[in-house]
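Please look over the sequence and the model below before reading on. The paragraphs after them are meant to be read with the coordinates open.

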Amino acid sequence: SLRASELPPSFTPHDPEGQERLEEAVQQLCRSLDDFLYVNDHLIRCFPTPSSNFKKHSIEETATECKQLGAVVHSYVVDCSNRDVIYSSAQKVKAEVGDVSILVNNAGVVYTSDLFATQDPQIQKTFEVNVLAHFWTTKAFLPAMMKKNHGHIVTVASAAGHTTVPFLLAYCSSKFAAVGFHKALTLEIAALGKNGIKTSCLCPNFINTGFIKNPSTRIGPTLEPEQVVEQLMKGILTNQKMIFVPSYISCLMILEKLLPERFLQALRKMLNIKFDAVIGYKN
């Protein structure tokens, strides 16, 4: 976590050099691209399981790097597929640190396989982590934001939440749901008159996290986590509703809505999206 009063003296909230150091710390924190939360002047790291031992090691490694930057760190291991664990962890955060002012729902899972090779528990896990966890974390932390009419909720979705890709059926479906969650939540908060609470939705292309093996597309090169974090930070600071990375993906989304199907087929062929996948269907 980062507390402004405990950062080195050179840091001030509106100091460009301090902002650069803050972004550097956030980039370090988001190396694995899991969940992170802003709590008052704190930045709290929450890691999804089930790989608890690995995540615990990742937490300790990240915490050490952030301490070297002068930060105070709070980290928690949270199974984002378990509603009860999310609620209990949220209570622990509130008790130990305070109310959350920025919530970034970023935990995600992906299985690269066709429908027949994707096991039922994998489909269920995809929706539990990629969609349902957003409901539970938001229900846990939004009330405090509503009370103060201040806060920011970030939904990390994907370009796959706007367009579909073969052999990512469960993933695309869950990310479409995440985009819908963001849009509906945005309107609901506005309808309740809480204009001090902002929302953003991050929709990147392939990211070099190792979750998808050997991805390639003519849209552009595979993104590095630091690139995505930088755009996310800019989006939060400028209250962008929809953040595409790279930004020109938004143009492709518009074309998909306007062009007839035969042109879309040619466009998909031109984009040439490829990655390693397991095919269970046997002809």
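What follows is a walk through a strand pairing, the aromatic contacts and a surface patch.

The model is predicted, and the account can begin in its interior, with strand E4, which spans residues 100–105. Of the 6 residues of E4, 6 are buried, so the strand is largely enclosed by the rest of the structure. E4 runs parallel to strand E5, residues 151–156, and 4 bridges join the two. Within this pairing, isoleucine 102 has histidine 152 of E5 as its bridge partner.

From the strands the reader can turn to the aromatic side chains. A pair of aromatic rings is described by the distance of the centres and the angle of the planes. The structure holds 5 aromatic pairs. One of them is formed by tyrosine 87 and tryptophan 136, whose ring centres lie 6.4 Å apart with 70° between the planes, an edge-to-face arrangement. Because tyrosine 87 belongs to helix H3 (residues 83–96) and tryptophan 136 to helix H4, this pair ties together parts that are 49 residues apart in sequence. The two partners can also be described by their accessibility: tyrosine 87 is partly exposed, with a relative accessible area of 28%, whereas tryptophan 136, at 19%, counts as buried, since the cut-off for that class is under 20%.

Another edge-to-face pair is that of phenylalanine 206 and phenylalanine 275, which is classed in this way because the ring centres are 6.1 Å apart and the planes stand at 65°. This pair links distant parts of the chain, 69 residues apart, with phenylalanine 206 in the loop between strand E6 (197–204) and helix H6 (225–237) and phenylalanine 275 in the segment after helix H8 (261–271). Phenylalanine 206 counts as buried at 11% relative accessibility, and phenylalanine 275 counts as buried at 14%.

Returning to tryptophan 136, the reader will find that Tyr87, Phe135, Trp136 and Phe181 form one aromatic cluster. Arginine 83 lies over the face of tryptophan 136, at 5.5 Å from the ring centre.

Which residues make the nonpolar surface patch of about 630 Å²? The patch is made by Leu115, Phe116, Phe167, Leu169, Ile279 and Tyr281. Of these, phenylalanine 116 can be placed in the loop between strand E4 and helix H4 (120–148). Phenylalanine 116 has a relative accessible area of 61% and is therefore exposed, as the cut-off for that class is over 50%.

Notes. Residues are numbered from 1 along each chain as its sequence is written. This is a predicted model: local features need pLDDT of at least 70, side-chain atom pairs count only at pLDDT 80 or more; totals for chains, interfaces and linings use all residues. Side-chain values use heavy atoms; hydrogens and water are left out. Patches are made of residues with over 30% relative accessible area and no salt bridge: like charges are joined within 9 Å, nonpolar side chains (Val, Leu, Ile, Met, Phe, Trp, Tyr) within 5 Å. Accessible areas come from the Shrake-Rupley method with a 1.4 Å probe; for residues, only the protein chains shown count as cover. A salt bridge is a side-chain nitrogen of Lys or Arg within 4 Å of a carboxyl oxygen of Asp or Glu. Helices (H or I, at least four residues) and strands (E, at least two) are DSSP runs, numbered from the N terminus. Buried means under 20% relative accessible area, exposed over 50%, partly exposed in between (1.4 Å probe, protein chains only). Rings of Phe, Tyr and Trp (its six-membered ring) pair if their centres lie within 6.5 Å; planes under 30 degrees apart count as stacked, over 60 as edge-to-face and the rest as tilted. A charge sits over a ring if NZ of Lys or CZ of Arg is within 6 Å of the ring centre and within 35 degrees of the ring normal. Two strands pair if DSSP finds at least two bridges between them.
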